[in-house]
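Work through the exercises below with the structure in view. Try each task before you read its solution.

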Amino acid sequence: MNNVITIASDERITDMYNHFKVIAGPGAGKTHWLVEHIKNVLQNATTLHKTSRIACITYTTIGAEEIRKRLGGYQDKVEVSTIHSFLYTNVVKPYLYLLNDDENGISVDVKAMDGHSDNVASKWALRKWHEKANNWHIGDSLKVKKYLEGLQWQLDGNNIALRPRPEDKQGLKIRYSDLPLYKQAFWERGIIHHEDVLYFSHTILNKYPIILSHLVGKYPFLFLDEFQDTNTIQVEIVKWFANAGSIVGVIGDPAQSIYSFQGASREAFVNFTLPNQSTYVIENNRRSGTRIVELLNFLRDADDVTQSTIRHNSVHEVYFLEEDGNPTQIVQCFHELRRHLGMDSDYCILARKNETVKLLRNSNSVDVWRVFEEADSSEREPFIRGILTGYKLAMDNRQELAIKEIVRALRSNRDRMLRNPFKENQLISSLIKRSLAVDLLEYMVGELNNLEDIVFTDFYESLRQFFEVRNYGLKKITSGKIKQFSDETTLTVLLDNLTLPEEKSANVRTIHKAKGAEFQSVLLYLTDLDDVKKLVKPDIDSKNDDTRLLYVALSRAKDLLCIACPPLDTQLRNKLRSMNLIQYTTDKAPVGTA
Ligand SMILES: Nc1ncnc2c1ncn2[C@@H]1O[C@H](COP(=O)(O)OP(=O)(O)OP(=O)(O)O)[C@@H](O)[C@H]1O
């Protein structure tokens with residue numbers, strides 16, 4: 001790489017008024033460096049005034065919490081948030097009304113708007129969409145649901161359009177011109193999805209660039225971590241901030257770009273440049289032991305970045321295990337190895353797909369939440385999903401987010417009347433929603449530990465009583481499919497099958513949910529031989545994310561790394577051995593090391 005300056009993760013840069021890009025591999029200390037850089041700017045920059053702050057954008061809310069914690073006493077002058085939350089607070093919430101009813105054809109109930117949520121094509125939304133688009137003939141509701149939930153805003157020149165992911169098309173004949181009608185159904189209720197935040201922000205800032213001048217005054221510095229996973233709409237917005245006067249700094253690793261399905265690409269990061277930008281590289285890996293770093297370097301052989309380890313005293317081998325149709329045995333084997341090596345600190349088991357995570361968690365193979373939704377006509381499913389997500393977040397020590405989630409589950413219309421599954425004509429204010437949410441969370445944290453084995457009917461009844469004493473009425477479950485479902489389904493099953501959008505303490509996760517995290521021991525659980533082939537013949541710069549996903553997973557390990565593979569042929573097995581990976585078998589002795 002040309003004109004690149006190598007720095008250490010604890011090194012201060014002197015030209016803090018230039019745009020910058022920091023490129024570094026996993027465990028190099030990017031986040032550590034960013035936190036120190038923010039402190040440096042706060043201490044020394046002359047362009048930060050009383051009312052201005054530094055904006056620090058992270059990819060996840062867990063990432064934001066971590067940075068806030070590390071900033072300690074410095075956090076008052078820093079707004080640390082995800083790009084969605086930053087743009088929602090600073091652009092969408094205050095200015096979205098400007099777009100209503102103009103030639104964009106956008107009509108959002110701004111008053112009922114309360115944050116942004118996942119795009120879930122629930123029954124009412126599907127019904128509304130079919131009604132608006134008059135396309136009842138499109139069958140296969142499961143496929144349609146997946147198609148609509150995967151919709152993304154794509155930037156093409158000056159146009160932004162709503163498009164499906166290629167893998168969701170599955171022969172469905174849906175007119176692209178009908179897609180905005182799906183969004184419209186939500187917007188009319190004041191519901192906007194995460195991806196809509198980007199769309200609205202882009203449209204607002206494009207139409208009213210004067211807002212940018214105001215934002216640049218408020219945020220003279222804008223830093224973005226994990227920028228390799230930024231999509232093209234975000235890239236454009238960030239460039240607008242830079243052109244309008246903010247000092248922009250982006251940090252990332254092209255080899256860890258794993259969100260192509262959301263429109264991110266490693267090229268967008270590699271090619272990202274701003275006028276007079278300084279480019280820095282941090283070379284070492286401070287996280288992982290020697291063998292792990294060797295394997296990581298092998299995977300990114302085609303790249304410019306070769307890491308050296310700092311942790312020379314961590315020299316554990318990298319192991320592989322072959323599965324013979326018994327995942328439980330593999331997991332036991334991994335724990336046995338941890339014990340054998342004295343690894344008693346944290347661990348994580350990583351898999352590519354949600355289904356594998358479910359299998360490893362012994363969860364139900366039937367999608368119980370979908371059955372719930374199908375069985376009910378009073379929209380209990382999103383309500384219960386919301387409050388139980390809140391409960392799980394609280395158990396994950398994320399109280400503030402938990403309360404937000406419950407507040408959102410207490411949906412009301414523009415006249416502030418509670419929606420289903422509450423009875424009609426019950427007025428609620430935002431303040432009461434919040435106090436109800438706090439009470440409900442306390443109640444669930446206190447009670448659910450003892451109640452997990454009860455059937456849903458009983459849990460729902462206890463909820464009904466909870467609200468009744470607070471003068472709010474939930475509809476009763478009396479008969480029909482929902483009654484049968486409620487009598488047959490335990491709360492434990494519902495909780496086990498509820499995956500959080502982000503997880504902080506789960507021991508079994510998808511690779512995407514382990515981004516940025518680190519563990520003493522990692523088991524990467526591969527179910528597909530193609531992944532093993534990618535491991536032995538990696539392509540880190542490829543258009544698809546396959547090799548990079550493996551790379552992200554492997555680089556989460558500090559000391560012990562194990563890879564579980566499906567049954568291998570001799571050639572593949574020998575190839576792994578030639579890469580210095582040690583086979584660990586159920587008879588406990590690592591093959592070839594006894
Ligand atoms: N200068 C430093 N001094 C001491 N420890 C450091 C330093 N820099 C980083 N570390 C430690 O090294 C580990 C990796 O750092 P960090 O999480 O910042 O890496 P990263 O580059 O953001 O990694 P990834 O891209 O994999 O998320 C962490 O445990 C961090 O506390």
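**Exercise 1.** What is the order of the six strands in the open sheet, and is the pairing parallel or antiparallel?

Solution. Keep in mind that this is a predicted model.
- Step 1: Read across the open sheet; the order is β16-β15-β17-β18-β14-β19.
- Step 2: Check the sense of pairing; it is parallel.
- Step 3: Find the edge strands. They are β16 (508-510) and β19 (581-583), and each pairs on one side only.
- Step 4: Add the twist. Neighbouring strands of this sheet are turned by 30° against each other on average, direction ignored.

**Exercise 2.** Look at the pair β15 and β17. Over how many bridges do these strands pair?

Solution.
- Step 1: Locate the strands: β15 covers residues 347-351, and β17 covers residues 519-525.
- Step 2: Count the bridges. There are five, in the parallel sense.
- Step 3: Pick out one residue. Leu-350 stands opposite Leu-524 in β17.

**Exercise 3.** Describe the shell around the ligand, then explain where the ligand lies between domains.

Solution.
- Step 1: Start with the nearest residues. Of the 17 around the ligand, Pro-26, Gly-29, Lys-30, Thr-31 and His-32 come nearest.
- Step 2: Assign elements. Both α1 (30-44) and β12 (285-289) give two or more residues to the shell. The largest share, three residues, comes from α1.
- Step 3: Sort by class. The shell has eight polar, six charged and three nonpolar residues.
- Step 4: Bring in the domains. The ligand lies between domain 1 (4-92 + 208-282) and domain 3 (291-362 + 507-583), because both give residues to its shell.

Conventions: Residues are numbered from 1 along each chain as its sequence is written. This is a predicted model: local features need pLDDT of at least 70, side-chain atom pairs count only at pLDDT 80 or more; totals for chains, interfaces and linings use all residues. A residue is near a molecule or strand if its C-beta atom, placed from the backbone, lies within 6 Å of it. Helices (H or I, at least four residues) and strands (E, at least two) are DSSP runs, numbered from the N terminus. Ala, Val, Leu, Ile, Met, Phe, Trp, Tyr, Cys and Pro count as nonpolar, Asp, Glu, Lys and Arg as charged, and the others, Gly among them, as polar. Domain bounds come from an automatic or database domain assignment. Two strands pair if DSSP finds at least two bridges between them. Axes are lines fitted to C-alpha atoms, for helices over the stretch in contact, and angles run from 0 to 180 degrees between N-to-C directions.
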